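Please open the structure in your viewer and keep the selection tool at hand. The tour goes one stop at a time, and at each stop you will be told what to select and what to look for.

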Amino acid sequence: MRRGFTWILIVTLLLALVLLGGTASAEKYTFAWIPKALNNPVFELGREGAFQKAKELTEQTPDEVEVLYVGSVASDAAEQARVVEDVVARGVDGIAISCNDPTALIDVINKAVDAGIPVMCFDADSPDSKRFTYLGVSNYDGGKAAADLLIRYMGTEGKVALLTGVPGALNLEERIRGFKDGIKDYPGIEIVTTVACYDDINQGVQVVEETMQAYPDLDGWFFVGIWPLFAGRGSMPLWEEAAKSGRCKTVAFDTLPEELEYLKDGFLVGLVGQKYWGWGYDSIQILYDYIVNEQEFPDWIDSGMDIVTIHNVDAMIEAWNTQDFTKPLPPPFPEE
Amino acid sequence: MADPQLETKEEKERQPTLGTKIFRNQLITLIFILLAMVLFLGITTSTFLTATNIFNVLRAFSWIAIAAFGQSMVIIGGGIDLSSGSNMAFCGIVAAALLVAGYSVTLAVVIALVVGAAIGFLNGFMVSRTYLPPFIATLGMMSIIRGFCYGLTNGWPIRGLPQSFLFLGQTDISFLAWKIPLPAIIMVVFAILSFILLEKTKLGYHVYAVGGNEYAASLSGISCGRVKLVVFTLSGLFAGLGGILMTSRLGVAAPTAASGYELDIIAAAVIGGVSLNGGEGSVWGALIGAALMQILRNALVLLGFPAYWQPSAIGAVIIGAVMIDQYRKRRF
């Protein structure tokens, strides 16, 4: 009698478990979010966005969403390919990746997709792979926007210098190409030199100062990345003097707090930035919709670009301070 | 026994002509190369021979040169220190983190220097006590320290350093009619200190002896292990100092800073005539080697040389400088 009761209890409990598991749709999804490198601060912001979205999805839907933040320490395609393989071996439900190289990652991305794990790209694409979509901006358009900003402030005549990171990096070359096309119609604008700093702050500061010496009458700069602006005030006296006095107008890529400070204090006239936070926030939503809601996505999703000038810099600083990038930025030129 | 022909040859070598004397002296060869570059740039550009530019160049290579003094001691002693770039970045981060946490400039700098020296000591310990080849020990250390840089900062650069610290790297000292950057002065002071240590002390003599022939040195009663501990510790300390100066000049300590600088530092020493086989070279050579490389970089920008080709030009100059040196050694 006693034994029979125990059996009934066990069977009931088991049945209840099976029923609960069957009826409730609560699933756990793990998405791997893979940046180009762990040592690049802009991806930290993307990671925050990804975690934020995971938290929101977990709270607002019956499912539980978890983000796995993994990557190679430095930008290295081979290392990154290994990371993708590890993630596939570990088993995840989806992957969002910013590719160090469009070709080098094709094989591992395809392997992941063949293993039933959907992959999307953000920031840097691998268009020939089996990834289902790409969330990003056209760096070419960004370069054009930078040229437009510079022309607005500098005018249609002047000597301009370009600072790039590692020559040959696809995203930087695209920005430069866009910039050159943007000033093409103004023969008065002359690019006097292009210098490279190999993604090194120290070298960036050095070459900017050397260029200021070589071309004391320089009218404009296009920093294709943030490098020398990571350095503190007083590290580039020649550039700072020329920029502050308004003699030399500088437009830079990215919208990090360091640059916003420089802009607010009148050293920079304009910034063109990607939506780093959205890289994480939006890509996790896209993965979720693709897998759970079986939503279709186009081949390329434009993540848009932030144009920051003195007119909307405060809103951008506010967004950084509150870590809330969901509000749209005020227009950079309100008079239009 | 004595070969008369050999004797006359030795006789000849004992009385070298002035020209031979000059060519035998490596420093003078290097100074000639340096002067030739300066002259060329002075003629071809209007911007090179300005006080601002010269002092900019001096400041730009000062931290590489300081680290290269320590590196030279290690290489002369028969080793190599691949961790100096990471060490520069790490000491900068340590100093910056302490400053941001509210420590005084003196304390932050001293602690960072001690950390640099401790890293060097660990290298020396691994090499002398566990008999790891210096290449492997410092290669491992390079990676370990770089990991600490990323780990402690989460990848973000440390900013907002106090003005009193930036003074170290950004201030100029008035001397006669010039305003000389402080890092350049510190560089010269450390060059003299290193020179005295290497050329005028028993320890310095031992460094050359250990690097020249470790077996013979130990037979003659030199404690090779201790010599190695000292040179590696000094290399760590010097790299740390270089890193701190660089950080204060830039006003930011980035975890990615000084990536690959170990190769610049080693190249500076080698261009300056420090033999990778050990036992040969001087700190003055390393100083000129560092100067040569920075002047070249500066020149490429001033001349408007296309950025994409600059690495090739720098590589060609490194090879060329060492080739001239090898030719000099064989010929004279």
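What follows is a walk through a predicted model, beginning with one whole chain, passing to a contact between chains, and ending with sheets and a helix.

**Stop one: chain B as a whole**

Select chain B, whose secondary structure comes to 15 helices and 2 strands. Its C-alpha atoms fill a box of roughly 75 × 55 × 40 Å along the principal axes. A compact globule of 332 residues would have a radius of gyration near 20 Å, and the 21 Å of chain B agrees with that. Buried residues make up 49% of the chain, and among the contacts in chain B with a separation of 6 or more, 78% join residues that are 24 or more positions apart.

**Stop two: where chain B touches chain A**

Now show both chains and look at the contact, to which chain B gives 31 residues and chain A gives 30 residues. On the chain B side, select helix 4 (51–76), helix 8 (163–170), helix 12 (224–250) and helix 14 (283–302), the elements that each give two or more residues. Helix 4 of chain B supplies the largest share, 4 residues. If you colour this side of chain B by residue type, you should find 16 nonpolar, 13 polar and 2 charged residues.

**Stop three: a sheet in chain A**

Hide chain B and turn to chain A, where 6 strands form an open sheet with parallel pairing, in the order 2-1-3-4-5-11. Which strands stand at the edges? They are strand 2 (64–69) and strand 11 (300–302) of chain A, and each has a single partner strand, so one side of each is left without a neighbour in the sheet. As you look across the sheet, the twist averages 20 degrees from one strand to the next.

Zoom in on strand 5 (residues 134–136) of chain A, which pairs with strand 11 of chain A in the parallel sense over 3 bridges; in this pairing A:Tyr134 has A:Trp300 as its bridge partner. Next add helix 2 (residues 41–60) of chain A, which packs on the sheet, touches strand 1 (28–34) and strand 2 of chain A, and makes about 165 degrees with the direction of strand 2. Helix 3 (residues 77–90) of chain A lies across strand 1 and strand 3 (94–97) of chain A, running at about 175 degrees to strand 1.

**Stop four: strand 8 of chain A and its partners**

Select strand 8 (residues 220–223) of chain A, where A:Gly220 and A:Phe222 point one way, A:Trp221 and A:Phe223 point the other way, and all are buried. Strand 8 of chain A pairs in the parallel sense with strand 6 (residues 158–164) of chain A over 4 bridges, and here A:Leu163 stands opposite A:Phe223. Strand 8 of chain A also pairs in the parallel sense with strand 9 of chain A, over 4 bridges, and A:Gly220 has A:Lys249 as its bridge partner there.

**Stop five: helix 8 of chain A**

Finally, select helix 8 (residues 237–244) of chain A, in which A:Trp239, A:Ala242 and A:Ala243 are buried. Look down the axis of helix 8 of chain A: its buried residues fall within an arc of 95 degrees, so they line one face of the helix. These buried residues pack against helix 7 (201–214) and strand 9 (249–253) of chain A, whereas the face turned away from the buried side carries the exposed residues A:Glu241 and A:Lys244. After helix 8 of chain A comes A:Gly246, whose phi is positive, near 85 degrees.

Definitions and conventions:
Residues numbered from 1 in each chain as written. Chains lettered and ligands numbered in written order. Predicted model: local features only at pLDDT ≥ 70, side-chain atom pairs only at ≥ 80, totals over all residues. Rg over C-alpha atoms; globule rule 2.2 N^0.38 Å. Buried ≥ 20, exposed ≤ 12 C-beta atoms within 10 Å, placed from the backbone. Contact = placed C-beta atoms within 7 Å. Nonpolar A, V, L, I, M, F, W, Y, C, P; charged D, E, K, R; others polar. Arc of directions from axis to C-beta. Pairing = 2+ DSSP bridges. Axes fitted to C-alpha atoms, helices over the stretch in contact; angles between N-to-C directions.
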